[in-house]
Amino acid sequence: MEEYISLSQLNDYIFCPYSIYLHNVYMGTDESLYHATPQTMGKVSHSVIEAKKASNLASDLISMSVASEEYHLYGKIDIYKGREKRLIERKYMLKQIYQGQIYQLWGQYLCMTEMGYNVESLAFYEISTNKMISVEIPDDSDLSAFKEFLRKFKSFNPEEPISVNMNKCAHCIYCSLCDKTTSENVYQ
């Protein structure tokens with residue numbers, strides 16, 4: 001049986017595949033060992049979703065579990081606005097939208113459509129600025145690139161050498177715990 005990929009790991013993998021390994025190693029430990037201000041702010045702002053308090057409209061789905069047999073993905077969406085047929089991923093702050101974040105939203109979209117939901121638009125909602133940022137629904141070319149990305153994700157081996165990007169390492173919450181770098185993260 002082929003393993004399923006968590007939607008939340010799609011962005012992590014692009015940032016640094018090794019961070020997923022480190023996340024699994026340190027999962028269950030004291031988060032204060034590695035969480036920095038951005039993660040803490042994100043977790044606090046995401047608590048509204050977990051408590052299903054982001055909307056009181058009956059047509060809106062909040063923090064719903066989703067899965068795709070075709071793409072072997074699973075996870076949760078933030079908000080599906082039923083009347084607008086819009087899937088929204090909430091982020092506390094978006095200085096820039098990265099490909100991994102887009103892949104995460106596309107993964108949610110693919111799960112939702114496979115589950116029979118009509119999704120006509122995608123967006124990020126930036127909580128700190130109260131701004132909605134539209135994202136295009138993936139076309140055939142996008143889906144080919146996404147499938148290739150998933151193939152690479154599934155074949156990752158944490159024991160193989162990885163290319164270390166010191167700028168990324170400095171912004172990684174696992175930086176001080178990582179055996180691939182001697183850098184300190186910028187949040188200390």
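Okay, a definition to start: when I say contact, I mean heavy atoms within 4.5 Å. And axes are lines fitted to C-alpha atoms, for helices over the stretch in contact, with angles running from 0 to 180 degrees between N-to-C directions. Helices (H or I, at least four residues) and strands (E, at least two) are DSSP runs, numbered from the N terminus.

Now, what you're looking at is a predicted model, where local features need pLDDT of at least 70 and side-chain atom pairs count only at pLDDT 80 or more, while totals for chains, interfaces and linings use all residues. Residues are numbered from 1 along each chain as its sequence is written, and side-chain values use heavy atoms, with hydrogens and water left out.

Let's do the sheets. Strands of a sheet pair through backbone hydrogen bonds, either parallel or antiparallel. For us, two strands pair if DSSP finds at least two bridges between them.

One open sheet has 5 strands in the order 2-5-6-7-8, with mixed pairing. Its edges are strand 2 (60-62) and strand 8, each pairing on one side only. From one strand to the next, the twist averages 25°.

Inside that sheet, strand 6 (residues 86-91) runs parallel to strand 7, and 6 bridges pair them. Lys91 has Glu126 in strand 7 as its bridge partner. Glu126 turns up again on the other side, where its bridge partner in strand 8 is Lys131. Strand 7 (residues 121-126) and strand 8 (residues 131-135) are antiparallel, joined by 5 bridges. Those two make a hairpin with 4 residues between them, and Asn130 in the turn has a positive phi of about 55°.

The other open sheet has 3 strands in the order 1-4-3, again with mixed pairing. Strand 1 and strand 3 (65-68) sit at the edges with a single partner strand each, so one side of each has no neighbour in the sheet. Strand 1 pairs with strand 4 (residues 73-76) in the parallel sense, over 2 bridges. If you want a residue to click on, try Ser6, whose bridge partner in strand 4 is Tyr74.

Which helix lies across strand 5, strand 6, strand 7 and strand 8? That's helix 4 (residues 99-114), running at about 145° to strand 6. Helix 4 also lies across strand 3 and strand 4, at about 85° to strand 3.

On to helix against helix. Two packed helices are described by the angle between their axes and the distance between the axes. I'll call angles under 35 degrees roughly parallel, over 145 roughly antiparallel, 65 to 115 roughly perpendicular and the rest oblique. For residue classes, Ala, Val, Leu, Ile, Met, Phe, Trp, Tyr, Cys and Pro count as nonpolar, Asp, Glu, Lys and Arg as charged, and the others, Gly among them, as polar.

Helix 4 and helix 5 have axes that come within 12 Å and cross at roughly 105°. Helix 4 is therefore roughly perpendicular to helix 5. On the helix 4 side you'll find Tyr103, Trp106, Gly107 and Leu110, meeting Asp142, Leu143, Ala145, Phe146 and Phe149 of helix 5. That contact has 7 nonpolar, 1 polar and 1 charged residues.

Helix 5 (residues 140-154) also packs with helix 1 (residues 8-15): their axes come within 11 Å and cross at roughly 80°. So helix 1 and helix 5 are roughly perpendicular to each other too. Here Gln9, Leu10, Tyr13 and Ile14 in helix 1 meet Phe146, Phe149, Leu150, Lys152 and Phe153 in helix 5. By class, the helix 1 and helix 5 contact has 7 nonpolar, 1 polar and 1 charged.

Then there's helix 1 with helix 2, packing at about 125° with axes 5 Å apart. That makes helix 1 oblique to helix 2. Gln9, Asp12 and Tyr13 of helix 1 make the contact with Pro17, Ser19, Ile20 and Asn24 of helix 2.

Last stop: the second largest pocket, at about 290 Å³. (A pocket here, on a 1 Å grid over the protein atoms alone, is an open set of points where a 1.4 Å probe fits, with protein on both sides within 12 Å along at least five of seven lines; lining residues have an atom within 4 Å of a point. Grid points are joined across faces, edges and corners, and a volume is the space filled by probe spheres set on the points.) It's lined by 15 residues, and Glu3, Ile5, Gln9, Phe153 and Lys154 lie nearest its centre. Helix 2 gives the largest share of that lining, 3 residues.
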